[in-house]
Amino acid sequence: MRIDRTLPKALVHRASIAEVFLTDARRHGEDDLVLAAQLPRLHAFYDDTLAPRAGHDPLMLLEACRQGIFVVAHEFLGVPLDHKFLLRTVEFEVLEPGPPARGAFPTDMVIGTRIERRARGRSGVTGLRLRFLCTADGHDVMTAGIEYSWLAPRQWDRLRAVRRAELELPAVPVAPPVQRIRPELVDRGSAANAVISPARATADGGLAARLVPDTAHPVMFDHWVDHVPGMLELEACRQLAVVASVAAGTLSTPAARPTALHARFRAFGELDLPLECRTGPVLPGSDIACTLSQRGAPVADARIRLAAPDRAEPAGAGAGPRALDRGEGSRP
């Protein structure tokens, strides 16, 4: 597997070469592929933490897997580069010994990839469910699963026009400014990397905050999209889960890392409507439930498990992603 150059940025739907993590892709049979990735020593978003962190952020490993969904579709199934993609479910679980350590050199990673299911329509295959196994330094460090589908540009434009018209929104969204939470409360050094507003208590004992749709962010909005990206929604859930865990006393510090997550995307998150993220009550020994909604309608839901930085045991020790509800949903 080659690691001396990245795959073409268009192939993984990124505008900046610096945000391309995949370096190679090879097929080994009808349903099995191998991806190669290189993780940077220090990433401006995923490695922006106040507390020392030895290992890579699991969400950066997930981003490498997410880039793989485009490679599989374009390179091996012949899906045209101009097609648009929708995330449906995303999950991961960190394995022992945990994420690969950051060191004096970039981290090389192999991602075993298997096509678990094909969705078919009149035009043929319209979506996939992929299973990933991330390996670094000879150790299996994380499993992940992503279910997704794609649309031709004309179908996508029609879908988005109907959705925007139903909500009485203009054709081109303009994201309003949203006050950010203090970055240190979510273990960030840069205010730009805090993606939620100050949290408030809810009647059911949880917390709520608004997602910050900063379309100038160089990572979350590496290129223009007319909706809230799925990875930004996951980051909002992570940050609010951290704040809620500290408030509930299950974490003593916001310097925590996610060890498991399962998310289901139900609808587009519109940039120009308030997108509210909520957690339920945080209970010891349980994963943290998060929901995202606009105008009272569900956009996404997630369950996330966090590990304290100075403990081997996770702050929430509920069932891993494979045991969580796998309801169908859709969003881009």
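Let me start at His43, whose side chain makes a polar contact with the side chain of Glu19 at 3.0 Å. The model before us is a predicted one, and every value I quote is computed from it. The His43 side chain also reaches the backbone nitrogen of Tyr46, at 3.2 Å. As for its setting, His43 lies in the loop between β2 (32-39) and α1. Is His43 buried or exposed? Its relative accessibility is 4%, so it counts as buried, the cut-off being under 20%. Leaving aside neighbours within four places in sequence, the residues in contact with His43 are Glu19, Phe21, Asp48, Met60 and Val219. Glu19 thus appears both in this contact list and as the polar partner of the side chain.

From that loop I move on to helix α1, residues 58-77. At its N-terminal end, α1 is capped by Asp57, which places a side-chain oxygen 2.9 Å from the backbone nitrogen of Leu59. How far apart are the end C-alpha atoms of α1? They are 28 Å apart, and this agrees with expectation because 20 residues at 1.5 Å a residue should span 28 Å. There is nevertheless a bend of about 25 degrees in α1, located at Val71. The helix is mostly covered, with 18 of its 20 residues buried. Just after α1 comes Gly78, with a positive phi of about 75 degrees.

I turn next to the backbone geometry elsewhere. Most residues other than glycine have a negative phi, and most peptide bonds are trans. Against that background, three places deserve a remark. The peptide bond joining Glu96 and Pro97 is cis, with omega at about 10 degrees. Pro97 itself is placed in the loop between β3 (84-94) and β4 (107-121). Asp187, which is not a glycine, has a positive phi of about 60 degrees; this residue is found in the loop between α2 (153-166) and β7 (200-201). Arg295, also a residue other than glycine, has a positive phi near 50 degrees, and is found in the loop between β11 (288-294) and β12 (297-307). Which of the two words, buried or exposed, applies to Asp187, and which to Arg295? Asp187 has a relative accessible area of 7% and is therefore buried, whereas Arg295, at 58%, is exposed.

A further residue to inspect is Val242, in helix α3 (residues 230-248). Val242 is buried, with a relative accessible area of 2%. Apart from neighbours within four places in sequence, Val242 is in contact with Leu185, Pro254 and Leu306. Ala307 is 65 residues from Val242 in sequence, yet the two C-alpha atoms are 10.0 Å apart in space.

Finally, the protein as a whole. Its secondary structure comprises three helices and 12 strands. The C-alpha atoms fill a box of roughly 50 × 50 × 35 Å along the principal axes. How does the radius of gyration stand against that of a compact globule? For 332 residues such a globule would have a value near 20 Å, so the 19 Å of this protein agrees. Of those 332 residues, 56% are buried. Among contacts between residues at least 6 apart in sequence, 69% join residues at least 24 apart. The accessible surface comes to about 14100 Å², and carbon and sulfur atoms account for 54% of that area.

How values were computed:
Residues are numbered from 1 along each chain as its sequence is written. This is a predicted model: local features need pLDDT of at least 70, side-chain atom pairs count only at pLDDT 80 or more; totals for chains, interfaces and linings use all residues. Side-chain values use heavy atoms; hydrogens and water are left out. Helices (H or I, at least four residues) and strands (E, at least two) are DSSP runs, numbered from the N terminus. Buried means under 20% relative accessible area, exposed over 50%, partly exposed in between (1.4 Å probe, protein chains only). Contact means heavy atoms within 4.5 Å. The expected span of a helix is 1.5 Å times one less than its number of residues. The bend at a residue is the angle between axes fitted to the seven residues ending there and the seven starting there. A polar contact is a pair of N or O atoms within 3.5 Å; within protein, one must be able to donate a hydrogen and the other to accept it, and residues adjacent in sequence count only if both atoms are side-chain atoms. The radius of gyration is taken over C-alpha atoms; the globule rule is 2.2 Å times the number of residues to the power 0.38. Accessible areas come from the Shrake-Rupley method with a 1.4 Å probe; for residues, only the protein chains shown count as cover.
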